[in-house]
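Here are a few short exercises to work through with the model open beside you. Try each task before you read its solution.

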Amino acid sequence: MKTSYVARCVQRNTPETDLQNQVMHIVQWTENGKEFSQRCYSSDPMTAITEVMEAHKKEALLKDFEEMSQYP
């Protein structure tokens with residue numbers, strides 16, 4: 001199970017990055033006691049977390065579907 005999602009900007013805010021709609025974020029989470037991270041472009045840290053969590057949900061659904069399709 002994936003838990004403890006946190007996110008932060010990769011770089012410090014600057015006048016240039018403040019003008020950008022999206023900047024690079026690092027999203028970190030824990031899964032079965034191991035720490036993982038993923039980078040993504042997003043408008044803010046909470047949106048980055050939401051996007052990564054949604055990707056994880058899609059991956060889990062796809063995995064479940066593939067497992068179910070193995071049975072006749």
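**Exercise 1.** Which element gives the most to the lining of the largest pocket?

*Solution.* Keep in mind that this is a predicted model. Begin with the pocket itself: the volume of the largest pocket is about 230 Å³. Its lining is made up of 17 residues, and C9, T17, Q20, V23 and M24 are the closest to the centre. Next, look for elements that give two or more residues to this lining: they are α1 (15-18) and β2 (23-31). The answer is β2, which gives the most, with three residues.

**Exercise 2.** Sort the lining of the largest pocket by class: how many residues are nonpolar, polar and charged?

*Solution.* Go through the lining class by class. You should find six nonpolar residues, eight polar ones and three charged ones.

**Exercise 3.** Find where S4 and its positive phi sit in the structure, and decide whether S4 is buried or exposed.

*Solution.* First, the backbone: S4 is not a glycine, yet its phi is positive, near 55°. This deserves a second look because most residues other than glycine have a negative phi. Second, the place: S4 belongs to strand β1 (residues 2-9). Third, the surface: exposed means over 50% relative accessible area. With a value of 53%, S4 is therefore exposed.

**Exercise 4.** Do the same for N32: where is it, and is it buried or exposed?

*Solution.* N32 is another residue other than glycine with a positive phi, about 50°. N32 lies in the loop between β2 and β3 (34-42). Its relative accessible area is 63%, so N32 is exposed.

Key: Residues numbered from 1 in each chain as written. Predicted model: local features only at pLDDT ≥ 70, side-chain atom pairs only at ≥ 80, totals over all residues. Heavy atoms only, no water. 1 Å grid on protein atoms, 1.4 Å probe; cavity = no way out; pocket = protein on both sides within 12 Å on 5 of 7 lines; lining within 4 Å. Points joined across faces, edges and corners; volume = space filled by probe spheres on them. Helix = DSSP H or I, 4+ residues; strand = E, 2+ residues; numbered from the N terminus. Nonpolar A, V, L, I, M, F, W, Y, C, P; charged D, E, K, R; others polar. Buried < 20%, exposed > 50% of the residue type's maximum accessible area, 1.4 Å probe, protein only.
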